Amino acid sequence: MFLPKYPDNPTPPPAHTHTPADPAPIRRTLPVVHISPAVVAAVVVGGVVLTALLAAVAVSAISVAIAAVVLRSLLREQNRR
């Protein structure tokens with residue numbers, strides 16, 4: 001009842017198979033990129049400047065946080081008296 005039914009005469013495979021001819025490879029040339037030493041120096045200097053600015057912001061934030069803790073403790077002691 002639930003068995004598959006197979007065809008009596010299966011269709012034979014085609015006599016010939018079509019193989020397309022390989023197309024000619026496309027040669028794509030990449031654009032030539034010239035990096036001058038001035039550009040490298042500018043990138044390095046920019047990186048150093050940005051790193052220095054980030055360090056300055058970090059040191060400023062730490063010093064403001066320390067000053068806030070000191071002022072808070074001084075005000076707390078003054079309010080206790």
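Here are a few friendly notes to help you find your way around this structure.

1. A word on the source: please keep in mind that this is a predicted model.

2. Start with the fold, which is quick to describe. The protein chain has 1 helix and 0 strands. That helix, α1, covers residues 37-80.

3. Next, look at the overall dimensions. Along the principal axes, the C-alpha atoms of the protein chain fill a box of roughly 110 × 60 × 10 Å. The radius of gyration of the protein chain is 39 Å, whereas a compact globule of 81 residues would have one near 12 Å.

4. How much of the protein chain counts as buried? The share is 0% of its 81 residues. About 8,700 Å² of the protein chain is exposed, and carbon and sulfur atoms supply 70% of that area.

5. Now to the surface itself. V33, I35, V39, V40, V43, V44 and V48 make a nonpolar patch of about 680 Å². One of these residues, V39, has its place in helix α1. V39 counts as partly exposed because its relative accessibility is 46%, and partly exposed residues lie between the 20% and 50% cut-offs.

6. L50 is a useful residue to set beside V39. L50 also sits in helix α1. With 59% relative accessibility, L50 is over the 50% cut-off and therefore counts as exposed.

7. Finally, L50 gives you a handy way to follow the chain by eye. S73 is 23 residues from L50 along the chain, and the C-alpha atoms of the two are separated by 35 Å.

Terms used. Residues numbered from 1 in each chain as written. Predicted model: local features only at pLDDT ≥ 70, side-chain atom pairs only at ≥ 80, totals over all residues. Heavy atoms only, no water. Patch = residues over 30% accessible without salt bridge, like charges linked within 9 Å, V, L, I, M, F, W, Y side chains within 5 Å. Areas by Shrake-Rupley, 256 points an atom, 1.4 Å probe, with all protein chains shown as cover. Salt bridge = Lys/Arg side-chain N within 4 Å of Asp/Glu carboxyl O. Helix = DSSP H or I, 4+ residues; strand = E, 2+ residues; numbered from the N terminus. Buried < 20%, exposed > 50% of the residue type's maximum accessible area, 1.4 Å probe, protein only. Rg over C-alpha atoms; globule rule 2.2 N^0.38 Å.
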